[in-house]
Amino acid sequence: MSLLKWKEKLLSVLSRPPAVEEPMWKHTSMRIGGPAEIMAFPQSINELRIVLELAAVNNVPLFVIGQGTNLLVKDGGVRGIVLNLVDMSYYSYFEKSSIRAGASVKLTYLVKEAIRFGLRGLEFASGIPGSLGGAIYMNAGAYNKSIGQLVSRIKLMDYEGNFFERTGSELVFGYRWSSLQEEKLIILEGVLDLIPGEREEIRRYAEQILQERQEKHPNFPSAGSFFRNPPGKTAGYLIEKAGAKGFAVGDAQVSMQHGNFIINKGEATAEDVLNLMEMVKEKVKSVMNVELEPEVRIIGENCTKQERD
Ligand SMILES: Cc1cc2nc3c(=O)[nH]c(=O)nc-3n(C[C@H](O)[C@H](O)[C@H](O)COP(=O)(O)OP(=O)(O)OC[C@H]3O[C@@H](n4cnc5c(N)ncnc54)[C@H](O)[C@@H]3O)c2cc1C
């Protein structure tokens with residue numbers, strides 16, 4: 001089915017019109033990325049099922065986006081459908097010792113609300129941008145803690161439209177990794193187990209963490225730590241030791257403040273970032289003999305200079 005037919009079909013079945021050729025830079029913290037062929041905003045489980053069914057029947061690729069804070073989208077954009085769940089999964093409920101929230105809810109909002117409700121355990125996530133769904137998928141973490149340690153159950157849908165639940169013990173979490181990355185699943189909701197505590201104490205700890213992060217992190221668009229930390233070392237240390245801090249391609253630069261942040265100083269393209277990534281990898285390999293791997297998820301299509309201009 002042609003792109004036009006697809007749009008017509010989706011228009012007729014979804015309450016919110018899908019966006020066609022939607023610039024992905026608007027949906028990523030790096031402020032980089034070519035257009036998504038179609039971005040769909042299902043309003044309900046039923047509408048999500050319809051999108052999945054149409055995609056399956058027509059063999060159209062699907063990509064689920066959260067807040068786009070761990071993504072580098074290439075300049076040629078994303079083929080197929082980018083699923084944006086923001087309209088159907090932005091809700092949260094706080095109980096005595098848990099939070100139940102939709103996948104699109106911002107993690108920073110949950111941290112603030114946990115403090116308000118006097119619930120301890122999520123302070124480590126203070127200042128980690130992104131959605132709950134993205135955090136669970138990536139097992140976001142800091143200060144030797146990660147979200148996987150708190151997940152008690154999640155609601156999911158597979159690409160065939162089957163709706164089901166998994167408990168925390170049915171999932172496996174590792175360093176910036178969850179078993180969900182091995183399957184084609186959409187996270188719809190998560191329940192986190194927290195511990196009732198003293199509100200002011202929780203607030204003080206969360207604020208301390210936030211302040212430390214603000215001091216360490218550069219004030220430019222980025223996707224946070226660009227490379228995974230190899231065992232026993234931090235990528236930031238290796239990059240600094242190798243002398244790659246400050247390396248730049250176009251407006252993409254290895255931050256002088258934090259060696260593991262690649263920042264967009266204005267008009268950086270994904271190609272700039274990818275070339276810079278290779279430069280950094282080569283330098284770290286030759287000086288420190290360590291192979292760095294990106295933590296950021298790189299998606300989408302390359303484009304020619306002609307297409308970009
Ligand atoms: C300034 C800055 C600081 C950061 N600091 C940290 C940090 O301290 N610790 C850390 O771990 N990360 C950090 N990050 C990275 C990022 O914030 C996390 O990885 C975050 O959890 C990603 O969430 P997201 O909603 O933005 O996901 P996205 O970037 O949108 O997506 C990431 C992956 O998750 C998948 N995904 C998203 N939502 C769903 C869903 N509902 N169902 C299925 N798959 C889904 C996507 O398909 C994609 O593969 C930082 C980023 C920035 C910009």
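**Exercise 1. Decide how far strand β12 is buried or open, and place it in its sheet.**

Solution. Of the five residues of β12, the number buried is zero, so β12 lies largely in the open. Here a residue would need 20 or more other C-beta atoms within 10 Å of its own to be called buried. The model is a predicted one.

Next, find the sheet. β12 belongs to an open sheet of five strands, ordered β6-β7-β15-β11-β12, with antiparallel pairing. The edge strands are β6 (92-94) and β12 (163-167), and each of them pairs on one side only. From one strand to the next, the twist averages 15°.

Strands of a sheet pair through backbone hydrogen bonds, either parallel or antiparallel.

**Exercise 2. Trace the pairing of β11 on both of its sides.**

Solution. Start with β12. β11 and β12 run antiparallel and are joined by five bridges. One pair to locate is K155 with its bridge partner E165 in β12. The two strands form a hairpin with four residues between them, and in this hairpin G161 takes a positive phi near 90°.

Now turn to β15. Strand β11 (residues 151-158) pairs with β15 in the antiparallel sense over seven bridges. In β15, L185 is the bridge partner of D158.

**Exercise 3. Describe the sheet that contains β1, and name its edges.**

Solution. Four strands form an open sheet in the order β1-β2-β5-β3, and the pairing is mixed. β1 (19-23) and β3 stand at the edges with a single partner strand each, so one side of each has no neighbour in the sheet. Neighbouring strands of this sheet are turned by 40° against each other on average, direction ignored.

Then look at one pair of strands. β1 and strand β2 (residues 35-40) pair in the antiparallel sense over four bridges. P23 stands opposite P35 in β2.

**Exercise 4. Compare the settings of R31 and N139. Which of them is buried, and which is partly exposed?**

Solution. Take the backbone angle of each residue in turn. Phi of R31 is near 60°, a positive value in a residue other than glycine. For N139, also a residue other than glycine, phi is positive and near 50°.

Next, place them. R31 is found in the loop between β1 and β2, and N139 lies in the loop between α4 and β9.

Last, count neighbours. R31 has 18 C-beta neighbours inside 10 Å and therefore counts as partly exposed. N139 has 22 C-beta neighbours inside 10 Å, so N139 counts as buried.

**Exercise 5. Find N58 and state its exposure and its distance from I147.**

Solution. N58 sits in the loop between α2 (45-57) and β3 (62-65). Because N58 has 13 C-beta neighbours inside 10 Å, N58 counts as partly exposed. N58 and I147 are 89 residues apart in sequence, and their C-alpha atoms are 36 Å apart in space.

**Exercise 6. List the domains, then describe the contact of domain 1 with domain 2.**

Solution. The protein is divided into domain 1 (3-84), domain 2 (92-216) and domain 3 (235-308). Between the C-alpha centres of domain 1 and domain 2 there are 25 Å. The contact takes 13 residues from domain 1 and 14 residues from domain 2.

Now examine the side of domain 1 that touches domain 2. The elements giving two or more residues to this side are α2 and β3. α2 gives the most, with six residues. By class, this side of domain 1 has six nonpolar, five polar and two charged residues.

**Exercise 7. Work out what surrounds the ligand.**

Solution. Begin with the nearest residues. Of the 32 residues around the ligand, G66, G130, G133, G134 and G224 come nearest. Then sort the shell by element: β3, α4 (132-138), β9 (141-142) and β15 (185-193) are the elements that give two or more residues to the shell. α4 gives the most, with five residues.

Sort the shell by class as well. The residues of the shell divide into 16 nonpolar, 14 polar and two charged. Finally, sort by domain: the shell draws at least three residues from each of domain 1 and domain 2.

Terms used:
Residues numbered from 1 in each chain as written. Predicted model: local features only at pLDDT ≥ 70, side-chain atom pairs only at ≥ 80, totals over all residues. Buried ≥ 20, exposed ≤ 12 C-beta atoms within 10 Å, placed from the backbone. Near = placed C-beta within 6 Å. Nonpolar A, V, L, I, M, F, W, Y, C, P; charged D, E, K, R; others polar. Domains from an automatic or database assignment. Pairing = 2+ DSSP bridges. Axes fitted to C-alpha atoms, helices over the stretch in contact; angles between N-to-C directions. Contact = placed C-beta atoms within 7 Å.
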